[in-house]
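Biologist: Could you walk me through this model? I'd like to ask about the sheets first, then the helices and a few backbone oddities.

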Amino acid sequence: MVLGQPSMDGNLGVLALHPRGSGKEQLELLWQLSRSSSMSAVRYALRNGVAVLHVTSPPVNALGAAVRAGLVASMERALADSATGLVVVGDGLTFPAGADITEFGKPPMEPSFGEVMRAFEDADIPTAAAIHGTALGGGFELAMSCHYRVMSSCARVGLPEVHLGILPGAGGTQRLPRLVGADAAAEIMVTGRQVSAEEALALGAVDAVVAKADLEAEAVKVVEASPVRRTKAVLVDGFKDADSIAKLKARATLDAPKSIIQCVEAAVCNDMQDGLAFEEARFRELQGSTQANALQHLFFAERACSKVPGVSPEDAVDVRAAGVVGGGTMGRGIAMCFVDNGLPVTILETSADAAAAAISGVEETYRRSSAFKRGRLTEEALTAKLNLLSSASDVDALKDCDLVVEAVFEDMAVKRSIFADLDRVTKPSCVLASNTSTLSIDGIAGAVADPARVVGMHFFSPANVMRLLENVRGARTGPAAVATAMAMGKRLRKTTVLAGDDFGFIGNRMLEPYGRECLALLRHANCGPELVDAALLEYGMAMGFFQMSDLAGNDIGYAVRTSLGLTDAASRDPAVEYSADVADALARAGRFGQKVGRGWYAYETPRVPSSDPAVAELIAGFKDASLAPDVTRGDVVDRALLALANEGFRVLEEGLALRPSDIDVVWTSGYGFPRHRGGPMQWAADDVGLAEVKATLEALHAARPDVPYLKPAKLLADMADAGAKLGDWEKFL
Ligand code: T1G
C-alpha cells in the first residue's frame with residue numbers, strides 16, 4: 001500500500017488522502033503510534049494461548065486512528081506470539097460504537113478501516129468479537145470481520161450510518177448481506193435501527209447470546225473450539241421479498257439509503273473485492289455531501305444542546321415526585337411523560353370530577369395507542385403506569401413534589417395565581433415550571449417569593465410523543481431550576497434545549513415571520529395554501545405551514561394576535577405590513593382547523609386535507625393586483641425559509657439561544673424542519689451561503705420595506721460580509 005494514494009482496499013477515502021512526509025516516515029509514525037497511544041487504546045493479554053484485546057477509548061470506544069492502530073498492532077503481536085485464537089472486547093460502556101465521528105473531515109490517519117477489517121478477517125487464527133452495549137457502524141463491521149460473534153443478551157448491534165448521511169463504509173454493506181441475507185441487511189441499513197440480541201441471533205448476525213458476565217469467557221471458548229471461518233467466503237443470494245425491497249426503495253428518497261440498496265445489490269452479484277470497491281466509491285460520493293454534512297451537524301448538535309455553560313448537572317434537584325397543574329391535553333401528555341419514565345405524578349385540577357376525568361383521559365390515551373393495540377404495552381405494564389398516577393383538586397396534594405409543571409391555558413393572571421398557591425404549599429427546594437409557549441417566565445416568577453426556582457418547560461403537543469423540550473431561563477431563574485429542567489429532559493428522553501425568556505422563546509419566535517411570509521404569499525394571484533404547502537413539503541418540511549396551522553388550531557393564533565392587539569386594524573402600526581389579516585378572517589369564519597373539520601383546508605376525512613373553494617373565495621378578497629401575479633415553489637422556499645433563518649440569527653444575537661445548532665435542533669425535532677437539511681441555521685449558512693442569503697433578503701426587503709423581519713439580521717449581515725461559516729458565529733457577537 002502506497003501512502004497518500006487513494007487505495008482500492010476499502011480505505012474510506014476521506015481517511016487516506018494526505019501526502020504528509022514520505023511512505024517510510026509514515027510507516028515509522030504508524031509503529032511509533034502503535035507503540036504509544038494505540039497500545040493504551042487497546043490492551044493486549046494472552047489467556048491460555050488466546051489473545052484477548054480490550055478496546056479502551058471512552059466514552060464509546062470509537063474506532064479512532066489510535067484504536068485502529070492498536071487493533072492492527074495487537075493482531076500482529078498475537079500472530080508473533082503464536083496465539084491459537086483472538087477475541088476483541090470493549091471496555092466500559094460498550095463494544096466500539098463506530099468510527100470516531102470527530103475525525104470526519106479531518107486529515108486522514110492510518111491504518112485504514114479496510115486494513116483493520118482485513119487483518120481480522122484474513123487472520124489464520126480464529127477471531128471472535130465479544131459484544132456488549134451498542135456495537136454500531138464500524139464497531140459492528142469489525143465484529144462482522146471477525147470469524148465469530150458472541151453477544152450479551154442486553155446488547156444491540158446496528159449500522160446507523162444512514163442517520164449520518166453516509167453508508168457503512170468498512171465492509172458492512174458487503175458482510176451483513178452475507179450473514180443475514182440481502183433483504184434483512186438492506187432493511188437494517190436503510191432504517192439504521194438497532195437490532196436486539198435475540199433478533200441478531202435469529203437472523204444469523206451473531207453466533208451466540210450469553211449473559212454479560214460470561215461474555216469474554218464464552219468468546220474465548222468459541223475460538224478455542226472453532227476453525228477459521230471468513231464471512232467473505234459466503235455467497236449472497238438475491239432478494240427474496242420483492243414487495244419489501246420495493247417499499248424500501250420507495251422510502252429511500254435521500255442519497256444514503258439509495259446508495260445502501262445499490263451496495264446490497266452489488267453484494268448479490270459480485271465477489272467481495274468488487275463489492276468493497278463499489279461500496280468505497282459510494283461512500284466517497286456521500287461523505288462530505290450536503291446531506292451528510294447536515295446530518296452530522298445534527299448528530300453533534302443534539303449532544304451539545306443539553307449542555308448549559310455555567311450550570312452543572314450536579315445542581316439539579318433530585319426529583320422523586322412530580323406534579324402537573326391542569327389535566328387538559330397538554331397536562332395529560334406531560335403526566336404520561338413522567339409515568340412513562342417511572343416517576344410518580346399528581347395531576348391537580350379545579351374539581352374532583354375534572355381530576356378524575358384527567359386520569360381516565362390518560363388511561364384512554366394509552367388504551368387507544370398502537371403500542372397497546374399491538375401488545376407492546378401490556379395490561380400489566382399499563383397498570384404499573386397508572387399506579388404512578390394520581391390526581392387531586394386541592395393544591396396541598398402537591399406539597400411533597402420536587403418538580404411541578406403548570407399546564408393551564410395562556411393567561412398571565414391565572415398562571416400567577418397558580419404559582420402563588422404553589423409557592424405557599426411546596427417545599428423551598430421544589431422547582432416550579434410553566435409549560436407556557438408565549439408568556440414571560442419572569443412575569444410568572446414575579447408571583448413567588450423566590451423567583452430563582454421558576455423555569456419554563458415548554459413541551460410540544462402531544463407531549464408524550466413530541467421529542468423536543470424547550471426549557472426557558474427567565475432573568476431570575478437560578479442554576480438549580482435550570483439544571484433540574486435540563487436533567488428532567490434527559491430523564492424523559494427528550495431532545496432538550498435551553499432558550500431565553502422573550503416572546504415565543506426560540507421556536508415560536510421564529511415561527512412568526514415564517515408564518516407571516518406564508519400568509520403574505522397568498523396575496524399573489526396564483527397562490528393558495530396548496531401551492532405554499534406543496535413547496536414546503538417538496539423542500540422536505542414534515543408539514544406545510546397551512547396544514548400545521550389547521551392542526552394547531554387557527555383560533556390559537558388568532559387569540560395570541562388578539563392579545564397583542566393585532567387583530568384590530570385601528571390599533572395596529574400602519575407602517576408595518578400585516579399579512580395575518582386573511583388568517584383573522586379565516587378564524588372569524590370559524591374555520592379553526594382539523595378540530596372543527598375545516599380550516600385552510602376541508603377535512604371530510606379526518607386529518608386528510610382537501611382544497612375548499614370557500615377558502616379560495618375568502619383569500620380572493622386579500623389578493624393584491626399590484627404584486628407579481630405568479631409565485632413559484634422556489635419563491636415560497638426563499639421567502640418563507642430565509643425569513644425563518646434570518647429570525648434565527650436575531651434569536652442568536654439577542655442571546656435567546658446558547659448556540660446556532662440549538663436553533664437547528666429546535667426546528668428539526670419540534671417543527672418538522674428536514675433533518676437532511678441540518679436545520680435553518682446550518683442550511684442558510686453552510687448550504688445556501690450567507691452572502692446569497694443576505695442578498696436575497698435585501699432584495700425582498702427593498703421590495704417590501706414595511707416588513708421589518710425581512711431586513712437581514714446584523715449578525716447574519718456581518719457574517720455574510722466576512723464570508724463566514726456557521727461555526728465562526730461567536731467571533732461576530
Ligand atoms: N464518534 C465520536 N464520538 C461519539 C461517537 C462516535 N461514533 N458516538 C458517541 N460519541 C460521543 C458523543 O458525542 C458524546 O460525547 C458521548 O460519546 C456519549 O454519547 C466506518 C464511518 C453509542 C448509542 O452512528 O448512537 O462507523 O457529548 O450522549 O446516549 O462505516 O452515542 O459526552 O462529549 O450519544 O449513551 C457510526 C453514534 C459512526 C453511533 C450512545 N456510529 N453514537 O448513546 O451517549 S459512522 C454511530 C450513538 C461509522 C463506518 C462509519 C450513541 C450511542 P459528549 P451519547 P448515549
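What follows is a conversation about this structure, which is a predicted model.

Biologist: Let's start with the six-stranded open sheet; what is the order of its strands?

Modeller: The pairing in this sheet is mixed. Its edge strands are β1 (42–47) and β9 (208–210), each pairing on one side only. On average, neighbouring strands are turned by 20° against each other, direction ignored. Reading across, the order is β1-β2-β3-β4-β6-β9.

Biologist: Is strand β4 largely enclosed or left open by the rest of the structure?

Modeller: Look at its side chains: T127, A129 and I131 point one way, A128 and A130 point the other way, and all are buried. Buried here means under 20% relative accessible area. With five of the five residues of β4 (127–131) buried, the strand is therefore largely enclosed.

Biologist: Which residue of β6 does I131 stand opposite?

Modeller: β4 and β6 (residues 148–152) pair in the parallel sense, over four bridges. In that pairing, the residue opposite I131 is M151.

Biologist: And on the β3 side, which helix does the chain pass through on its way to β4?

Modeller: β3 (residues 85–90) also pairs with β4 in the parallel sense, again over four bridges. V88 stands opposite A129 there. The β-α-β crossover is right-handed, and the helix it passes through, residues 113–121, is α4.

Biologist: What is the bridge partner of A51 in β3?

Modeller: β2 (residues 50–55) and β3 run parallel and are joined by six bridges. Within β3, the partner of A51 is L86.

Biologist: Helix α9 lies across this sheet; at what angle does it run to β6?

Modeller: Helix α9 covers residues 215–225 and lies across β1, β2, β3, β4, β6 and β9. Its angle to β6 is about 160°.

Biologist: On to the eight-stranded sheet: which strands stand at the edges?

Modeller: This one is open too, with mixed pairing and the order β12-β11-β10-β13-β14-β15-β16-β17. Each edge strand has a single partner, so one side of each is left without a neighbour in the sheet. Those edges are β12 (389–392) and β17 (495–500).

Biologist: How far are neighbouring strands of the eight-stranded sheet turned against each other on average?

Modeller: The average ignores direction. One neighbouring pair is β13 (residues 403–406) with β14 (residues 431–434), parallel over four bridges, where V404 stands opposite L432. For the sheet, the average turn is 25°.

Biologist: Which helix packs on that sheet, touching β13, β14, β15, β16 and β17?

Modeller: Its direction makes about 155° with that of β17. The helix spans residues 479–491 and is α20.

Biologist: Now the pair α24 and α25: are they roughly parallel or oblique to each other?

Modeller: Their axes come within 9 Å and cross at roughly 120°, and the crossing is left-handed. Among the residues that meet are N554, Y558 and R561 in α24, with A583, D584 and L586 among their counterparts in α25. From 115 to 145 degrees, a pair falls outside the perpendicular and antiparallel ranges, so α24 and α25 are oblique.

Biologist: Is S259 buried or exposed?

Modeller: S259 lies in helix α11 (residues 255–269). Leaving aside neighbours within four places in sequence, S259 is in contact with L167, R282 and L286. Its relative accessibility is 6%, so S259 counts as buried.

Biologist: Where is P111, the proline joined to E110 by a cis peptide bond?

Modeller: The E110 to P111 bond has omega of about -5°. There is also a cis bond from P58 to P59, with omega near 10°, and P59 is placed in the loop between β2 and α3. As for P111, look in the loop between β3 and α4.

Biologist: And S82, which has a positive phi without being a glycine: is it buried or exposed?

Modeller: Phi of S82 is about 55°, and the residue sits in the loop between α3 and β3. Exposed means over 50% relative accessible area. With 59%, S82 is therefore exposed.

Biologist: Last one: in which loop is R607?

Modeller: R607 has a positive phi as well, near 65°, and is not a glycine. At 65% relative accessibility R607 counts as exposed. Its place is in the loop between β18 (602–605) and β19 (608–610).

Note on methods: Residues numbered from 1 in each chain as written. Predicted model: local features only at pLDDT ≥ 70, side-chain atom pairs only at ≥ 80, totals over all residues. Heavy atoms only, no water. Buried < 20%, exposed > 50% of the residue type's maximum accessible area, 1.4 Å probe, protein only. Helix = DSSP H or I, 4+ residues; strand = E, 2+ residues; numbered from the N terminus. Pairing = 2+ DSSP bridges. Right-handed = clockwise from strand over helix to strand, strands pointing away. Axes fitted to C-alpha atoms, helices over the stretch in contact; angles between N-to-C directions. Contact = heavy atoms within 4.5 Å. Parallel < 35°, antiparallel > 145°, perpendicular 65-115°, else oblique. Left-handed = near helix turned anticlockwise from the far one by under 90°.
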